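Subject: Structure for you to look through

Hello,

Here is the structure I promised to hand over, with its sequence. Please open it first and keep it beside you while you read my notes below.

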Amino acid sequence: MSSNSFTIYNASAGSGKTYALAKVYLKIILASPQNFRKILAITFTNKAVNEMKHRILNSLYEFSTTTSAKEASPLFNDIINETQFTFEDLPSLSKLRLKQILHNYAFFDISTIDKFTHRLIRTFAKDLKIPQNFEVVLDVDLLLQEAVERVIGKAGEDPEFTKVLLDFALEKIEDDRSWDIGFDLLKIGKLIFDENNAEHLKHLKDVEIGDFLKLKDKNQDIIRKNKFEIIENADSILDLFSNNNLEFTDFTGGYFPKLILKISRGEFITNFSAAWNQNFDTSKPYNKSTPDNIKSIIDSLHSEFSRLLKEIKSTIQKTSYLQNINRNIVPFALLNAIQKELKIIQEEKDQLSISEFNTLIAKEIKDQPAPFIYERLGEKYKHYFIDEFQDTSQMQWENLIPLIGNAMEGEDELGDTGSLFLVGDPKQAIYRWRGGKAEQFIELATQQKHPFTIESELVTLPKNYRSYAEIINFNNSFFQSISPFLENTMYQEFFKIGNQQEVNQKDGGYVNLLLLEEESDEQYALETLAAINKCLLQGYTYSDICIIIRKKKHGLLLANFLMQNKIPVVSSDSLLLSGSPKAIFLVQLIRYMVQPTELEIQFEILNFLSEEKEDRHAYIFENLNHLDTHLFEEYGFDASKLRQASVFDGLAYAIKIFNLIPNSDAHLSAFMDLVFDVEQKYGSDMQSFLDYWDKKGNSSSISTPENLDSVQIMTIHKSKGLEFPVVIFPYANSNVFEEIDPKLWLPVDKEEFLGFSEVLINKKQEVREYGEFESLLYDLDHQKLQLDTFNLLYVVLTRAVNALFIISSNNLDKKGDHNPNYYSGLFIHFLKNKGLYAQGKLEYDFGELKSVETKRTPNTIQKNVPYIYTNKDRPDFKILALAGVLWDEGLDIAINQGNVIHTILGAIYTTADLERALRMGIQKGFIKEQEKEEIKAIVKSVIYHQDLNNFYETGFEVLNERDLLMANGTIQRPDRVVLKGNHATIIEYLCR
């Protein structure tokens with residue numbers, strides 16, 4: 001084990017990285033009583049944090065109870081061999097360190113990277129001018145949707161802005177796309193939260209919409225001019241044909257004249273890769289059978305044809321380039337508007353999205369002196385551990401470098417220096433879309449980059465402790481075989497080095513590679529079912545088996561098929577709340593309260609209730625249009641109670657009346673938890689809940705239950721870091737270069753592009769034709785995409801412990817050749833390379849699927865947790881929440897009424913707002929319908945008071961419940977501040 005202060009562990013799948021990290025961690029904390037306070041260990045998931053903490057504490061406990069060499073664990077023996085501790089010392093020392101950690105657990109700092117950055121930002125909140133109690137937004141989709149809705153809602157206010165939105169909608173219609181621009185704005189808006197784009201978006205900070213429009217208009221003028229030139233040159237060639245009596249048949253295949261005719265009609269092609277086109281300058285463009293006099297004419301005109309064709313190609317490429325830029329300019333222009341709205345929304349709600357953490361630190365904190373940062377944090381770290389380094393984003397790493405550098409390159413009062421331990425595997429880097437880069441690990445491991453003055457040492461963990469020998473050997477051989485297909489030589493080298501894993505003591509294992517003759521969803525499902533049954537026959541349980549897929553839609557198809565065939569399944573789709581008919585029924589009830597005349601909603605409610613009716617159609621038909629009456633007469637459900645209550649209380653009432661949970665229902669319990677959370681965050685009115693459900697309802701799910709005897713279905717990304725006795729990988733035929741609407745940032749000349757230094761374009765093959773630099777950028781991005789797809793394949797094939805089933809396709813072209821741009825081609829190449837592939841043979845076995853002893857879980861009883869009704873509708877139910885009520889001082893009525901009036905006045909800006917504020921009070925449940933007139937009279941006595949009425953008229957700027965910073969540094973929060981000109985009037989309500 002390395003003793004270097006900067007060590008990089010290259011840890012392939014199953015190579016015992018947690019063991020290696022735990023050993024180094026234990027050696028440090030055992031060396032000194034306070035060392036555990038000086039360690040910061042960073043990983044990427046809460047699950048990994050808990051595993052690491054458990055490993056450290058459990059190891060210390062085991063060490064402390066070790067009494068003989070025979071019962072000593074391998075880790076115990078390693079610590080003895082690699083340190084000065086004796087067998088007699090280690091148990092008592094471990095017991096002491098365990099006690100110290102447990103008594104000072106807050107300093108036991110094993111954390112996720114996001115938790116650490118969150119803590120850093122909280123510490124510097126005042127410096128960053130953000131609220132100290134800001135709310136962290138994990139789900140940015142809702143935030144983005146609200147911002148996009150606000151941007152679109154501004155149409156009609158600003159003429160320039162309105163023109164941009166209208167032009168964009170019309171442009172989409174011309175391209176045969178939906179006129180709805182919201183979808184495109186959401187898609188482009190996601191760039192704001194993508195760390196990979198942060199540096200590029202900085203350049204747009206001060207650019208106005210008008211600047212984008214000027215660039216678009218300029219490009220459009222050049223495009224029009226270019227198109228005219230292209231057609232003019234094409235017509236010149238056609239004139240040469242005509243003037244010299246040349247026929248299309250005089251040219252080889254008629255390719256050249258057919259192309260020119262298309263171009264003259266305005267059909268511009270961008271792909272000039274055909275062989276005749278590539279060799280037009282050097283080869284004769286006519287057939288051998290062409291008459292000599294015609295050959296002579298074509299020869300004399302060949303140089304002119306070549307010149308004009310070159311000009312046409314060049315101008316078409318320039319035109320395509322500008323068209324590509326213009327296609328993205330409008331959404332690109334609206335990015336700033338979306339960003340501004342996001343800022344406003346977050347300030348209104350005191351929110352900060354998690355994706356902004358790293359950008360904020362990079363901008364405001366990173367360049368502060370390290371001792372100052374440590375002082376503000378309240379502690380100084382000397383030793384850093386970073387797990388899954390290949391998933392660390394560039395910005396996260398750069399933000400940590402100053403702190404780590406200070407620890408490693410400086411000395412403490414005892415003359416000791418700090419250390420850094422990085423663990424990663426570039427072959428498992430599958431999170432590029434959120435900033436993780438395999439190249440970052442590779443550059444450090446190969447010493448291409450030197451962030452510190454201390455030299456790094458690379459340690460490769462050689463052995464695979466996870467899988468059985470056959471699986472290890474298969475993966476070594478397979479990835480060695482396909483690594484030459486990687487276009488980047490650096491990636492090739494790492495794949496070769498990383499796939500030479502040593503086997504462990506577990507002999508045996510099984511790999512089955514099946515190539516389907518005909519690809520179809522049904523065939524994949526049938527073969528998946530066959531693989532499951534094959535494993536069950538050998539003693540494996542359902543819970544031993546995991547089906548790993550790349551696309552969620554395939555997981556849904558397989559889950560439905562397996563459940564139809566009585567196979568118990570747990571998948572993200574089977575856990576969705578939207579998959580529960582009862583949850584959907586409750587949502588439809590809420591919709592009905594908001595839209596009582598909508599027949600479609602009434603139909604959905606009646607359709608759910610008619611499941612056990614004999615004549616469902618007659619039942620539905622009879623009760624449409626008078627649903628309230630039917631629900632009351634048939635079920636005793638009073639719709640007015642649901643309309644007047646908060647969403648949570650109303651739905652709890654509906655669950656009780658319709659007896660939706662006789663015993664226990666995990667989906668409905670989770671649904672009600674969601675309703676409660678939405679009320680806390682967005683309000684208790686029905687429309688707020690429906691808005692949330694329409695945006696996020698389809699993705700809300702219950703937590704994955706543990707210890708269920710069911711087959712798991714998950715995506716490759718979800719499976720990372722996990723292992724399963726049996727892995728089945730169906731649909732193993734992905735396109736290596738498949739992308740969904742990819743984009744590229746392209747540097748451009750500032751003068752030529754009106755001050756823009758970068759533009760955003762669609763990434764497509766034609767980019768290679770734009771120029772040498774553009775072609776290089778395209779190829780680099782292409783190589784990264786290829787590595788990421790190879791990495792996905794590596795992750796899925798290394799999850800299995802005992803058995804691996806791969807279901808791919810025998811995908812061959814007419815000549816019988818395989819295509820290495822597909823996973824199927826890579827598998828076929830491997831088989832051919834090993835001399836195993838045979839025409840007509842579709843199934844290949846490596847090793848043998850041996851029977852295992854069926855695991856029995858004794859006394860495992862699954863308990864149903866009954867749903868607890870709130871019973872708030874009991875007449876004697878009353879919540880005592882205020883001191884005046886609790887101590888029975890007779891103040892409760894006055895206090896409650898005072899608070900209600902205070903709240904209503906806080907929602908009024910002018911007298912016109914009175915009715916709206918009262919409706920809000922009734923909707924939110926703190927005013928009863930029968931109290932409305934009484935409260936209205938009291939509020940009117942304030943806002944229409946002869947001395948106050950003037951301050952509730954229009955023409956003033958009104959600030960209700962806003963913080964004011966006083967000259968002495970204190971903060972006051974008046975109820976109402978009315979501003980006009982240089983005068984401010986403060987109104988304070990005393991509600992008694």
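Which residues are linked with Glu146 in a network of salt bridges? The network joins Glu146, Arg150, Lys154, Glu341, Glu348 and Lys349, and you may like to find these side chains before going further. As background, side chains of opposite charge can pair when their charged atoms come close. Please keep in mind throughout that what you have is a predicted model.

For a general view, the protein chain has 36 helices and 22 strands, and its C-alpha atoms fill a box of roughly 115 × 90 × 75 Å when this is taken along the principal axes. Of the 992 residues in the protein chain, 48% are buried.

Salt bridges

The count of salt bridges comes to 41, and I will describe three of them with some care.

One is formed by the side chains of glutamate 82 and lysine 27, with 3.0 Å from N to O. Because glutamate 82 belongs to helix H3 (residues 74-82) while lysine 27 belongs to helix H1 (residues 17-31), this pair ties together parts that are 55 residues apart in sequence. Glutamate 82 is partly exposed, its relative accessible area being 32%.

Another salt bridge is found between glutamate 149 and lysine 695, whose closest N and O atoms are 3.4 Å apart. Here glutamate 149 sits in helix H6 (residues 140-153) and lysine 695 in helix H29 (residues 686-696), so the pair ties together parts that are 546 residues apart in sequence. Glutamate 149 is partly exposed at a relative accessible area of 45%, and lysine 695 also counts as partly exposed, with 27% relative accessibility.

Aspartate 425 and lysine 427 form a salt bridge as well, with 2.8 Å between the closest N and O atoms. Are these two residues, aspartate 425 and lysine 427, buried or exposed? Both of them are buried.

Patches on the surface

On the surface, a patch of negative charge is made up of Glu157, Asp158, Glu160, Asp206 and Glu208. Glutamate 208 is placed in the loop between helix H9 (198-202) and helix H10 (209-243), and it is partly exposed, with 47% relative accessible area.

There is also a nonpolar patch on the surface, formed by Leu170, Ile173 and Trp179, which together have about 350 Å² of accessible area. Tryptophan 179 lies in the loop between helix H7 (159-174) and helix H8 (182-189). Because its relative accessible area is 58%, and exposed means over 50%, tryptophan 179 counts as exposed.

Two buried residues in loops

Aspartate 544 is found in the loop between helix H20 (521-537) and strand S10 (545-549). Which backbone atom does the side chain of aspartate 544 reach? The side chain comes to the backbone nitrogen of threonine 541, at 2.9 Å. With a relative accessible area of 7%, aspartate 544 is buried.

Arginine 432 is located in the loop between strand S7 (419-424) and helix H17 (438-445), and at 15% relative accessibility this arginine 432 counts as buried. If you would like a distance to check on your screen, the C-alpha atoms of arginine 432 and glutamate 522 are separated by 33 Å, and these two residues are 90 residues apart along the chain.

Best wishes

Key
Residues are numbered from 1 along each chain as its sequence is written. This is a predicted model: local features need pLDDT of at least 70, side-chain atom pairs count only at pLDDT 80 or more; totals for chains, interfaces and linings use all residues. Side-chain values use heavy atoms; hydrogens and water are left out. Patches are made of residues with over 30% relative accessible area and no salt bridge: like charges are joined within 9 Å, nonpolar side chains (Val, Leu, Ile, Met, Phe, Trp, Tyr) within 5 Å. Accessible areas come from the Shrake-Rupley method with a 1.4 Å probe; for residues, only the protein chains shown count as cover. A salt bridge is a side-chain nitrogen of Lys or Arg within 4 Å of a carboxyl oxygen of Asp or Glu. Lys and Arg count as positive and Asp and Glu as negative; His and the chain ends are not counted. The place of a charge is taken as NZ of Lys, CZ of Arg, CG of Asp or CD of Glu. Helices (H or I, at least four residues) and strands (E, at least two) are DSSP runs, numbered from the N terminus. Buried means under 20% relative accessible area, exposed over 50%, partly exposed in between (1.4 Å probe, protein chains only). A polar contact is a pair of N or O atoms within 3.5 Å; within protein, one must be able to donate a hydrogen and the other to accept it, and residues adjacent in sequence count only if both atoms are side-chain atoms.
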